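The following exercises train the reading of a protein model, one step at a time. Please attempt each task before turning to its solution.

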Amino acid sequence: MPEGHTLHRLARLHQRRFAGHPVAVSSPQGRFADAAVVNGRVLRRASAWGKHLFHHYQGGPIVHVHLGLYGAFSEWEREDGQTVPEPVGQVRMRMVGTEYGTDLRGPTVCEVLDAAQVDDVVARLGPDPLRADADPVWPWARISKSRRPIGSMLMDQTVIAGVGNVYRNELLFRHGIDPYRPAQKVSEEEFAAAWADLVALMKVGLRRGKIVVVRPEHDHGAPSYAPGRPRTYVYRRAGEPCRVCGEVVRTAVLEGRNVFWCPTCQI
């Protein structure tokens, strides 16, 4: 599932390519019936909160997209300013501007909302570390009182919005925290350091378009867990030696998601 920085990159890209002009919106697949509501309207702006993307159109309607596990946008350019390629596969939503187009396939959510409904979506989310208004006081208040494992709390979008499994596992390793440690046993100092690090890591992901979590002094040895994927400390490295201490990286299922950790480096 794409993590929060990916949605912010999409919002920036769509803002740059489509905002300020009428956009042709359709549903080649036919499953986004409300495409007609925004078709031909001017896209005012695109924004993101956590793993949610919003396209704000003139007159009030807002397209809300959550990619889920399988959703993805494919971007394309109208090379001569006119050609629009035929849709390939099950395209839920197609946006066509003057120079660019984008096709959305496989999202969990693609719907038209009004401003009040968007507010309801956002109200259910925790602060987004990539937003300037993100306030760590809210997640700390939840974490400091919870007996749930900290590894569960970090993936709870009502606590912090935008953190996925890679950032969750890697952040806990970087701060030496066992994912099964009860959240209320994480000190305020530990949380403050982890929050600041999370903000910095996600900003790097936003800027570079990829997750970078391994410190330069550890960026050697075993390659990434798959071609084109980030080099990680523990994520998807079960059974391999820890990059720092050499202990075997472990894995287990925590509330339905795989968690990875080093039993020596994380306590």
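## Exercise 1: Two residues with positive phi

R236 is found in the loop between helix 7 and strand 9. The model to which it belongs is predicted.

**Task.** Determine whether R236 is buried, exposed or partly exposed, and state the value of its phi. Then treat E255 in the same manner, beginning with its place in the chain.

**Solution.**

Step 1. The relative accessibility of R236 is 45%. Buried requires a value under 20% and exposed a value over 50%. R236 therefore counts as partly exposed.

Step 2. Phi of R236 is near 55°, which is a positive value in a residue other than glycine.

Step 3. E255 lies in the loop between strand 9 and strand 10. Its relative accessible area is 54%, so E255 is exposed.

Step 4. E255 is not a glycine, yet it has a positive phi of about 50°.

## Exercise 2: Aromatic pairs around Y235

**Task.** Describe the geometry of the pair formed by Y225 and Y235, and then that of the pair formed by Y235 and F260.

**Solution.**

Step 1. The structure contains 6 aromatic pairs. In one of them, the ring centres of Y225 and Y235 are 5.3 Å apart and the ring planes stand at 80°, so this pair is edge-to-face.

Step 2. Both Y225 and Y235 lie in the loop between helix 7 and strand 9, so their pair ties together parts that are 10 residues apart in sequence.

Step 3. Y235 also forms an edge-to-face pair with F260, with 5.5 Å from centre to centre and 75° between the planes.

Step 4. F260 belongs to strand 10 while Y235 lies in the loop between helix 7 and strand 9, so this pair ties together parts that are 25 residues apart in sequence.

Step 5. Y235 has a relative accessible area of 13% and is buried. F260 is buried as well, at 7%.

Step 6. Elsewhere, W140, F191 and W195 form one aromatic cluster.

## Exercise 3: The setting of S47

**Task.** Locate S47 in the chain and list its contacts beyond its neighbours within four places in sequence.

**Solution.**

Step 1. S47 is part of strand 2, which covers residues 43-49.

Step 2. With a relative accessible area of 13%, S47 is buried.

Step 3. Once the neighbours within four places in sequence are left aside, S47 is in contact with A11, H52, L53, F54 and H56.

Step 4. With H56 there is a polar contact between the two side chains, at 2.8 Å.

## Exercise 4: Helix 6 and its cover

**Task.** Explain why helix 6 can be called largely enclosed, and name elements that cover its buried residues.

**Solution.**

Step 1. Of the 10 residues of helix 6, 10 are buried, so the helix is largely enclosed by the rest of the structure. Among these buried residues are N165, Y167, E170 and F173.

Step 2. The cover over the buried residues of helix 6 includes helix 1 (4-18), helix 5, helix 7, strand 9 (250-254) and strand 10 (257-261).

Step 3. Just after helix 6, G176 has a positive phi of about 65°.

## Exercise 5: The nonpolar cores

**Task.** Identify which residues touch the most other members of the largest nonpolar core, and which helix supplies the largest share of that core.

**Solution.**

Step 1. The largest nonpolar core has 36 residues, and I143, I150, I160, Y167 and L198 touch the most other members.

Step 2. Helix 4 (137-143), helix 5 (150-153), helix 6 (165-174) and helix 7 (188-208) each contribute at least two residues to this core. Helix 7 provides the largest share, with 8 residues.

Step 3. Beyond its neighbours within four places in sequence, I160 has contacts that include P127, P139, W195 and L198.

Step 4. A second, separate core has 23 residues, including L10, A48, C110 and V112.

## Exercise 6: The chain as a whole

**Task.** State how many helices and strands the chain has, and assess how compact the chain is.

**Solution.**

Step 1. The chain has 7 helices and 10 strands.

Step 2. The radius of gyration is 20 Å, close to the 18 Å that the globule rule gives for 267 residues, so the chain is as compact as a globular protein of that length.

Step 3. Of the 267 residues, 49% count as buried.

How values were computed: Residues are numbered from 1 along each chain as its sequence is written. This is a predicted model: local features need pLDDT of at least 70, side-chain atom pairs count only at pLDDT 80 or more; totals for chains, interfaces and linings use all residues. Side-chain values use heavy atoms; hydrogens and water are left out. Helices (H or I, at least four residues) and strands (E, at least two) are DSSP runs, numbered from the N terminus. Buried means under 20% relative accessible area, exposed over 50%, partly exposed in between (1.4 Å probe, protein chains only). A polar contact is a pair of N or O atoms within 3.5 Å; within protein, one must be able to donate a hydrogen and the other to accept it, and residues adjacent in sequence count only if both atoms are side-chain atoms. Contact means heavy atoms within 4.5 Å. A nonpolar core is a set of buried Ala, Val, Leu, Ile, Met, Phe, Trp, Tyr and Cys residues joined through side-chain atoms within 4.5 Å. The radius of gyration is taken over C-alpha atoms; the globule rule is 2.2 Å times the number of residues to the power 0.38. Rings of Phe, Tyr and Trp (its six-membered ring) pair if their centres lie within 6.5 Å; planes under 30 degrees apart count as stacked, over 60 as edge-to-face and the rest as tilted.
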